[in-house]
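Here's a quick tour of one structure, taken a piece at a time. Have the viewer open as you read.

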Amino acid sequence: MSTNFFNQIAQLEITGNLQLTIFKGVENKLIVSIILLNDQCGDDAKQLITPLNLRGTAEELDEGFFKSIAVPLETASGLMVNMEAYMKQLENAQKQSAMEKEKTDKEKKAKDEKEKKYNEAMAKADELDNDGKHRDAWMKVPNPNDYPEYAEAINRRKKELSDKFASPSLFGTE
């Protein structure tokens, strides 16, 4: 005796493990319980999918079994595959978010460090200027190419300092 049961199972478009349980009921009726399990799906919501239960005589089940299970199983399979894809995309989004936050934090830290160095250099230049060491102060003012956002202030400060130590006239007059 030949059946095409397994060929029909193979033709179902499902992903996962198909568990089939058959019980003998009363009055020559069979109870068939089918559930599709997909271990690849990481979403716990898959646990909410209940088994598909069919009741009927052997002849009724032979006749309508695959018509009754095809659409629900393929739908459940598609749902679990989509849930897993969603979970992976959600995980990737979280990683990207963490990476973007880390990148932003690094950029902020680098900017803060650069601004701190600029402020320290300008403070040192002011200190030297107050001590009358105008040439040394001029040397401590940072390069405007290193701090383009402060280029105007740096150039102005360098000019102020260079005016203070302008070279004396060859003839001894100011």
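What follows looks at a helix pair and then at three single residues.

Keep in mind throughout that this is a predicted model.

**The helix pair**

Let's start with helix 2, which covers residues 58-130, and helix 4, which covers residues 151-164. Their axes sit 12 Å apart, and the packing angle comes out at about 15 degrees. Angles under 35 degrees count as roughly parallel, so helix 2 and helix 4 are roughly parallel to each other. As for handedness, the crossing of helix 2 past helix 4 is left-handed.

Which residues meet there? On the helix 2 side you'll find Tyr 118, Met 122, Ala 125, Asp 126 and Asp 129. Facing them from helix 4 are Ala 153, Ile 154, Arg 157, Leu 161 and Lys 164. Sorted by class, this contact has six nonpolar and four charged residues, with no polar ones.

**Lys 164 and Glu 113**

Lys 164, one of the helix 4 residues in that contact, is worth a second click. Is Lys 164 buried, partly exposed or exposed? Its relative accessible area is 45%, and the partly exposed class lies between 20% and 50%, so Lys 164 is partly exposed. Leaving aside residues up to four places away in sequence, Lys 164 touches Asp 129 and His 134. Asp 129 belongs to helix 2 and is part of the helix contact described above.

Glu 113 also lies in helix 2. With a relative accessibility of 41%, Glu 113 counts as partly exposed too.

Here are two C-alpha to C-alpha separations involving these residues:

| Residue pair | Separation in sequence | C-alpha distance |
|---|---|---|
| Lys 164 and Arg 135 | 29 residues | 8.6 Å |
| Glu 113 and Phe 165 | 52 residues | 31 Å |

**Asn 38**

Now over to a loop. Asn 38 sits between strand 2 (30-37) and strand 3 (52-56). Buried or exposed? Asn 38 has a relative accessible area of 4%; buried means under 20%, so Asn 38 is buried.

What does the side chain of Asn 38 reach? It gets to the backbone nitrogen of Gln 40, at 2.9 Å. If you skip residues up to four places away in sequence, the residues that Asn 38 touches are Thr 15, Gly 16, Lys 46, Met 80 and Val 81. Met 80 and Val 81 fall inside the 58-130 range of helix 2, so that long stretch turns up again here.

Terms used. Residues numbered from 1 in each chain as written. Predicted model: local features only at pLDDT ≥ 70, side-chain atom pairs only at ≥ 80, totals over all residues. Heavy atoms only, no water. Axes fitted to C-alpha atoms, helices over the stretch in contact; angles between N-to-C directions. Helix = DSSP H or I, 4+ residues; strand = E, 2+ residues; numbered from the N terminus. Parallel < 35°, antiparallel > 145°, perpendicular 65-115°, else oblique. Left-handed = near helix turned anticlockwise from the far one by under 90°. Contact = heavy atoms within 4.5 Å. Nonpolar A, V, L, I, M, F, W, Y, C, P; charged D, E, K, R; others polar. Buried < 20%, exposed > 50% of the residue type's maximum accessible area, 1.4 Å probe, protein only. Polar contact = N/O pair within 3.5 Å; in protein donor to acceptor, adjacent residues only side chain to side chain.
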